[in-house]
Amino acid sequence: MSEKLIMLSDPVHGFIEVEDRFIQDLIKTREVQRLRRIKQLGMGFIVYPSAEHSRFPHALGAMGLLKDALDYIESKGTPISDNERLASLAAILLHDIGHAPFSHTLESQLISKASHEKISVALIKHIQSDMVPDSKDYGLLDLALKISNKTYHRPFFHQLISGQFDMDRLDYLRRDSQLTGVVEGKIGIDRILRTLCVHPKEGGADSCLAIESKGVYTIGNVLIARRLMYQQVYLHKTVIAADCVLRGAIKRAKYLINNGKVVAVSDISPSLQYFLENNVTKKMLSDQKVLDHFLNLDDAEIICSLKKWQNSPDKILADLSDRFISRNLFRCVFLKKNPPQKIEDSWGEKVTKFLKKTKGITSTDIREYYLHSCITGRSTNDDRDRKDDDRDRKDDIPVLTSDGKISSLTDYAAWTSISAPTDYPQIPYVAYPKEVHLDLEEWTDDAPHYT
């Protein structure tokens, strides 16, 4: 009997076909279903009203694109076994299951020094632990882990999942563009898929994923689109401000619990309390209790806690929680240069004076929660930036020329517009309560930056 075909309707890519029982079973797992409750854009919904989409359709969309990409690659003479196909589809379906609530925003707040990729690997093993060790499904997840960890002997599979023009990136650029309304992120995905190839086509250990030369303009558009999406969406100043407020609230709650003031954060879930009262690190990812608590956390859990904390006896936690819930966020201003410490100290004094006078907040660590001076790419969405930095090396986009040789995308820079968008400037910024007036004229300019 043939396996039942499932057709998933996606507003971005159309119908996504899921035929194999192994993939269908993975979609039903607790780990994947949790992605329905994790916002794809973190704080992006605060800026773009329609950007309410979750990680779940993104995972399905990336899997659908990979299925098409494998079909095109195989049609050009690269052999792909059934097990390789299923394992790679599983790898990309599961690539985001390690995301914390609100995606990148709280990634380092709950489990220190652990990227969502590392947590995803731990959770794949968590899924695998429920399988019979000698079963086909167990072996497929083993192969999926090798592909994810870049240890499989055919590297192009990993590049399709995490590379310069991987299916993860292609999906999130198109999906985020469509659902935010930022048209600059729209890219020609079908053209890219049709020009994908593996060189040498046998796909051995020395092979790489490449783009045929006729597709260089489209790849150039991907790089430009990604840069514009970072400028307008991922590093929008209001997104950064919301990140600062939410991270501050979680940090304050953790401080209170670890200093014996549990009453200030009472009536929260056991799983959130577990992460607030324990210093959970990546070394603990093999602990099933840690993973079970992690799987209980989602965006709704954080929102529910913030609503309760609005009435906390701790004034800092109550104020930060109320600012987030009521969208009374900080002001975020991009700077043309880093201010000296004495200037930051003067800003801190103004913020401290205001909060003492109007909010009755007299703690000695006010600046730690209410004045954030940093650089984009280091404190906001930094985990995504670090991952993409590895994918953005200028020599990392092989192009297959018409005579069958491998060239570099940069060789086409003279007659395309692809040379600029591979480097991303790190812009200094300061975020602080908008009720406070800081004299910033000397440190700002009129450049649009990330507005």
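## Exercises on a predicted model

Met 7 lies in strand β1, which covers residues 6-10. The model used here is predicted.

**Exercise 1.** Classify Met 7 by its accessibility: buried, partly exposed or exposed?

*Solution.*
- Take the cut-offs: buried is under 20% relative accessible area, exposed is over 50%, and partly exposed lies in between.
- The relative accessibility of Met 7 is 39%, so Met 7 counts as partly exposed.
- Now look around Met 7. Leu 5, Met 7 and Phe 15 form a nonpolar patch on the surface. Together these three have about 310 Å² of accessible area.

**Exercise 2.** Find which helix gives the largest share of the largest nonpolar core.

*Solution.*
- Start with the core itself. The largest nonpolar core holds 144 residues.
- Residues with the most contacts inside this core include Leu 160, Met 167 and Leu 196.
- The largest share of this core is twelve residues, from helix α13 (residues 237-258).
- Next, follow Leu 196. Leave aside its neighbours within four places in sequence. Its contacts then include Leu 160, Phe 165, Met 167 and Lys 76.
- A general tendency fits here: in soluble globular proteins, nonpolar side chains tend to be buried together.

**Exercise 3.** Name the strands that pair with β9, and state how they run.

*Solution.*
- Locate β9: it spans residues 428-433, and six of its six residues are buried.
- Strand β5 (residues 330-334) pairs with β9 over five bridges, in the antiparallel sense. Val 333 has Val 430 of β9 as its bridge partner.
- Strand β6 (residues 372-375) is joined to β9 by four bridges, again antiparallel. Cys 374 stands opposite Tyr 429 in β9.

Methods. Residues are numbered from 1 along each chain as its sequence is written. This is a predicted model: local features need pLDDT of at least 70, side-chain atom pairs count only at pLDDT 80 or more; totals for chains, interfaces and linings use all residues. Side-chain values use heavy atoms; hydrogens and water are left out. Patches are made of residues with over 30% relative accessible area and no salt bridge: like charges are joined within 9 Å, nonpolar side chains (Val, Leu, Ile, Met, Phe, Trp, Tyr) within 5 Å. Accessible areas come from the Shrake-Rupley method with a 1.4 Å probe; for residues, only the protein chains shown count as cover. A salt bridge is a side-chain nitrogen of Lys or Arg within 4 Å of a carboxyl oxygen of Asp or Glu. Helices (H or I, at least four residues) and strands (E, at least two) are DSSP runs, numbered from the N terminus. Buried means under 20% relative accessible area, exposed over 50%, partly exposed in between (1.4 Å probe, protein chains only). A nonpolar core is a set of buried Ala, Val, Leu, Ile, Met, Phe, Trp, Tyr and Cys residues joined through side-chain atoms within 4.5 Å. Contact means heavy atoms within 4.5 Å. Two strands pair if DSSP finds at least two bridges between them.
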